[in-house]
Amino acid sequence: MKNDKKNNQYRVNEQIRVREVRVVGDDGSTVMPTRQALEIARQKGVDLVEISPNAQPPVCRFIDYSKFLYQQKKRAKEMKAKQVRVEVKEIRFGPQTGENDYAFKLKHAKEFLLEGNKVRAYVFFRGRSILFKEQGEVLLLRFARDLEEYGKVEQMPALEGKKMAIIMAPKKAGVAKKSQQKMDRERREAEAKEAAKQSEESVSDSVAGDGLLANARISPEVLKKLTEAQDSENNE
């Protein structure tokens, strides 16, 4: 039943019972009687498919309907694969969480954010421990600071009954920016190496050439020494 409903979402060939249709293609659009459009479709060996029934007149195309349905199904599958399912992972603290427990949960939070999930960390106040809510807020703010490289605060610490929670979202943009900076730095280093190589080649060519011509890339001190060496050889 589900496939039948999908296949019937477009009217095809004789199912199109209006008097005239607008047929669109790569070369433009033409309004013609539906019978004429059906005859052209038969001659081309394709189907007349109504793609916009609410237009006046309805819009149709000459296409292979089976291939059209396959492409739509493939496109929908690709779109679904590209969708990232974001989950909210919860991490629970006590108002007086020890350092080892804190480090352990911080490690898990980093993993959750790197996987593209959100993190909802909360401090649970049991009984009279609600008196230490300021201490819980400090803990959550420290948690956010320690994760600033991996995520951004989506909701600041807020008291919800006996819980004070903070929500962190993955910081994908920051990771991409860092990668771009690294690429730019590597490009600049490569350009600097190439420039140094060309400078060395230029100096070598000048030394090997007649007359030791002054080159813009040779420093004045080096040029002076080379000139003195040449004069000394000529005098001998």
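This note goes through the predicted model point by point, from the whole chain down to single residues.

1. **The chain as a whole.** The model is predicted. Its chain holds seven helices and eight strands. Of the 236 residues, 25% are buried. Now take the contacts between residues at least 6 apart in sequence: 54% of them join residues at least 24 apart.

2. **Confidence.** The mean pLDDT of the chain is 79. A value of 70 or more is reached by 71% of the residues. Two stretches deserve care when you read the picture. Residues 1-6 have a pLDDT below 50, and this stretch makes zero contacts beyond near neighbours in sequence. Residues 173-179 also have a pLDDT below 50, with one contact beyond near neighbours in sequence.

3. **The sheet S2-S1-S4-S3.** Four strands form an open sheet in this order, and the pairing is mixed. Which strands stand at the edges? They are S2 (28-33) and S3 (47-52). Each has a single partner strand, so one side of each lacks a neighbour in the sheet. On average, neighbouring strands here are turned by 40° against each other, direction ignored.

4. **Inside that sheet.** S1 (residues 20-25) and S4 (residues 59-63) run parallel and are joined by two bridges. Look for Arg22: its bridge partner in S4 is Val59. Helix H2 (residues 34-44) lies across S1, S2, S3 and S4. H2 runs at about 115° to S2.

5. **The sheet S5-S6-S8-S7.** This is an open sheet of four strands, with mixed pairing. S5 and S7 (151-160) stand at its edges. Each pairs with a single strand, so one side of each is left without a neighbour in the sheet. The average turn between neighbouring strands of this sheet is 20°, direction ignored.

6. **Pairing and packing on that sheet.** S7 and S8 are antiparallel and pair over seven bridges. To find one of these partners, start at Lys152: its bridge partner in S8 is Ala169. Helix H4 packs on the sheet and touches S5, S6, S7 and S8. The direction of H4 makes about 170° with that of S5. Helix H5 packs on the sheet too, touching S5, S6, S7 and S8. The direction of H5 makes about 10° with that of S8.

7. **The largest nonpolar core.** In soluble globular proteins, nonpolar side chains tend to be buried together. Here the largest nonpolar core has 19 residues. Which members touch the most other members? They are Ile91, Phe93, Val119 and Phe143. Two or more residues each come from strand S5 (88-93), helix H4 (99-114), strand S6 (118-124), helix H5 (133-146) and strand S8 (163-170). H4 gives the most, with five residues. Apart from this core lies another, of nine residues, including Ile16, Val23, Met32 and Ala37.

8. **Phe143 and Phe93.** Phe143 counts as buried because its relative accessible area is 0% and the cut-off is under 20%. Leaving out residues up to four places away in sequence, Phe143 touches Ile91, Phe93, Tyr102, Leu106, Ala109, Val119, Ala121, Ile166 and Met168. Phe93 is buried as well, at 1% relative accessibility.

9. **Aromatic pairs.** The count of aromatic pairs comes to four. The rings of Phe93 and Phe143 have their centres 5.5 Å apart. Their planes stand at 70°, so the pair is edge-to-face, which requires over 60 degrees. Phe93 sits in strand S5 and Phe143 in helix H5, so the pair ties together parts that are 50 residues apart in sequence. Elsewhere, Tyr10, Tyr65 and Phe68 form one aromatic cluster.

10. **Two backbone details to check.** Most residues other than glycine have a negative phi, and most peptide bonds are trans. The bond joining Gln56 and Pro57 is cis, with omega about -10°. Pro57 is in the loop between S3 and S4. Asn13 is not a glycine, yet its phi is positive, at about 50°. Asn13 lies in the loop between helix H1 (2-7) and S1. Is Asn13 buried or exposed? At 18% relative accessibility it counts as buried, because the cut-off is under 20%.

Note on methods. Residues are numbered from 1 along each chain as its sequence is written. This is a predicted model: local features need pLDDT of at least 70, side-chain atom pairs count only at pLDDT 80 or more; totals for chains, interfaces and linings use all residues. Side-chain values use heavy atoms; hydrogens and water are left out. Two strands pair if DSSP finds at least two bridges between them. Axes are lines fitted to C-alpha atoms, for helices over the stretch in contact, and angles run from 0 to 180 degrees between N-to-C directions. Contact means heavy atoms within 4.5 Å. pLDDT is the predictor's confidence in each residue, from 0 to 100. A nonpolar core is a set of buried Ala, Val, Leu, Ile, Met, Phe, Trp, Tyr and Cys residues joined through side-chain atoms within 4.5 Å. Buried means under 20% relative accessible area, exposed over 50%, partly exposed in between (1.4 Å probe, protein chains only). Rings of Phe, Tyr and Trp (its six-membered ring) pair if their centres lie within 6.5 Å; planes under 30 degrees apart count as stacked, over 60 as edge-to-face and the rest as tilted.
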